[in-house]
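Here is a short guided tour of a protein structure, written for someone meeting it for the first time. Keep the picture open beside the text and look for each part as it comes up.

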Amino acid sequence: VGPGRPELLRTPSGTTLRFGTLVALAVATTWYVAGVYGSIWPPGTFLDDASCQVRANLYLTSTASVDPDETKWTAYRDCMSGLFVPRLGWLVGGLLLLVLVAAAVYVGWPRWRIRRSRLELLDSYPALWAKLEGPLDELVERAGLARRPEFRLDATSTRAGGVAFGTRRRPVVCLDAGLVALLDRDRAGFDAVVLHELAHVRNGDVATTYATLAVWRAVLAVVLLPYLVFTVDPLLGFDFANLGSPVTVGVVVRVLLLVLLVYVARTAVLRSRERYADALVVVWTGDTDPYRTLRAEPDRRRVLRWIAIHRRGSRGSPR
Amino acid sequence: MTERDFVVDTAREVVADLAPDELALFEPVSRAYLRDPKKVLSDRERPGAVLGSGLDVVIALLSPVALGVATAVYEHLLDKTGEKIVEGGGRLFKRLRRPRDAPRITPDQLDELRALAIERAKELGVADDLAEKVGDALRATLEREL
């Protein structure tokens, strides 16, 4: 298979669509939670929802049946729509905070990762680079990349892994020390793992991936954590008496379900890009099982397999 | 000779002897080890693994083991040096500081260090036969250098 554009690359991976779903869910969750804040703050307005029900003579949760009187519903909607503008600040503010936190994570995380893990440039070690430059350039060419990404080394990791990250303009591929050692011991395994990371660069999904994780983390930081804290322990007094209330439990469960949906969407994005990269490695190597030499004990933790990003997850030492 | 010099030089000799294919990798690994030995010797999964290649497979690298063993030997020698100083000799310590002045290390001491190296290598998860080889290589290195 040549380095040209394989048929597979013309097939949509669905990653962008899944990412769109994730963003929509994150926005909906933030909108919902910001709306709840808006309905209880400032404190003088927290009975506004209830007063609309009284004015319209429509008590939403008092019976299990839906009131058939359409005039009551019209009066209720009119009353509630008057509350929308005063609460708009909460809604817009919540979304703005979500975007800001997500942007900060997206921009800052790759830099933080390089700094924290001290991922050094491979070409800063002349002896090592002399050994790797040729094989890596060959793989970059096989992946059809116009230019070499920034190769870095995680010298503290003895795993046979790698990771592609960074931005669309400046993609970074970091190789574990264990993977570098494979160059002499298992060239096919080395090629497969490096090609997998280069496939992410070729697909252009590095940016999508970081955006996905940034959105997910922003939802946790902006929506879930503050909401749970203020719902369960509003006075921050480590008094969890609120947890006994069915209303609190209902609210917490609803938010948790929304966040769970965001998590599932995040996993779907990450999983689809991994599968797509694996498929490209198969195309580029012409081997239907390119990781066979790196397969250790299969991970038998069933629940973890359900939510796993990688289908081929295995743990231990190579066979 | 500083601890850093002793550990890196000794470990490099062991790697050159037993796993010459790792020599190019030795420099970055030894630098990382000197910064944070526990991190290099630990095989815990690193943060950010969710974005990695998904292969949680550990490759047997000799460099971290050799560095860990050399550190154990150095610490043992320092302990011994302390004892010698108490005894009024301090010759082994002088040997580490000024190689030209001090007497050669005895075969018994070399055997003791070899046994220590084997034990430490096994603690670091190395198979028995390779641990023996590490012990032999370390003994040969120390015999040459000290």
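What follows covers strands, a cavity and a helix, in that order.

Before starting, please keep in mind that this is a predicted model.

**The strands of chain A**

Let us begin with strand β2 of chain A, which covers residues 150-154. Is β2(A) enclosed by the rest of the structure or left open? Five of its five residues are buried, so β2(A) is largely enclosed by the rest of the structure. The residues of β2(A) point in two directions: A:Glu150, A:Arg152 and A:Asp154 go one way, while A:Phe151 and A:Leu153 go the other way. Residues on either side are buried.

Strand β4 of chain A tells a similar story. Six of the six residues of β4(A) are buried, so this strand too is largely enclosed by the rest of the structure. On one side of β4(A) you will find A:Pro171, A:Val173 and A:Leu175, and on the other A:Val172, A:Cys174 and A:Asp176. Both faces of β4(A) are therefore covered, given that buried means under 20% relative accessible area.

Now, how do these strands pair up? The table lists the pairings.

| Strands | Sense | Bridges |
|---|---|---|
| β1(A) (residues 120-121) and β2(A) | antiparallel | two |
| β2(A) and β4(A) (residues 171-176) | parallel | five |
| β3(A) (residues 162-166) and β4(A) | antiparallel | five |

Some individual partners help to fix the picture. Between β1(A) and β2(A), A:Glu120 has A:Leu153 as its bridge partner. Which residues stand opposite A:Val172 of β4(A)? A:Glu150 is one of them, and A:Phe165 is another. If you trace the chain from β3(A) to β4(A), you pass through a hairpin whose link is four residues long.

**A cavity with residues from chains A and B**

Next, look for empty space inside the model. How many cavities of 30 Å³ or more does a search of the whole structure find? The search finds one. The largest cavity holds about 60 Å³ of space. Chain A lines this cavity with A:Leu128, A:Lys131, A:Val180, A:Ala181 and A:Asp184, and chain B with B:Asp21, B:Glu22, B:Ala24 and B:Leu25. The elements giving two or more residues to the lining are α4 (126-142) and α5 (177-185) of chain A, plus α2 (23-35) of chain B. Of these, α5(A) gives the most, with three residues. By character, the lining has five nonpolar residues, four charged ones and no polar ones.

**A kinked helix in chain A**

Finally, find helix α3 of chain A, residues 70-116. Where is the kink in α3(A) centred? The centre is A:Arg87, and the kink is about 55°. After α3(A) comes A:Arg118, with a positive phi near 50°.

One residue to pick out in helix α3 of chain A is A:Met80. A:Met80 counts as partly exposed because its relative accessibility is 24%. Setting aside neighbours within four places in sequence, A:Met80 is in contact with A:Asp49, A:Cys52 and A:Arg87. The last of these, A:Arg87, is also the residue on which the kink is centred. As for A:Trp41, this residue is 39 residues from A:Met80 along the chain, and their C-alpha atoms are separated by 16 Å.

How values were computed. Residues numbered from 1 in each chain as written. Chains lettered and ligands numbered in written order. Predicted model: local features only at pLDDT ≥ 70, side-chain atom pairs only at ≥ 80, totals over all residues. Heavy atoms only, no water. Buried < 20%, exposed > 50% of the residue type's maximum accessible area, 1.4 Å probe, protein only. Pairing = 2+ DSSP bridges. 1 Å grid on protein atoms, 1.4 Å probe; cavity = no way out; pocket = protein on both sides within 12 Å on 5 of 7 lines; lining within 4 Å. Points joined across faces, edges and corners; volume = space filled by probe spheres on them. Nonpolar A, V, L, I, M, F, W, Y, C, P; charged D, E, K, R; others polar. Bend = angle between axes of the 7 residues up to and from the residue. Contact = heavy atoms within 4.5 Å.
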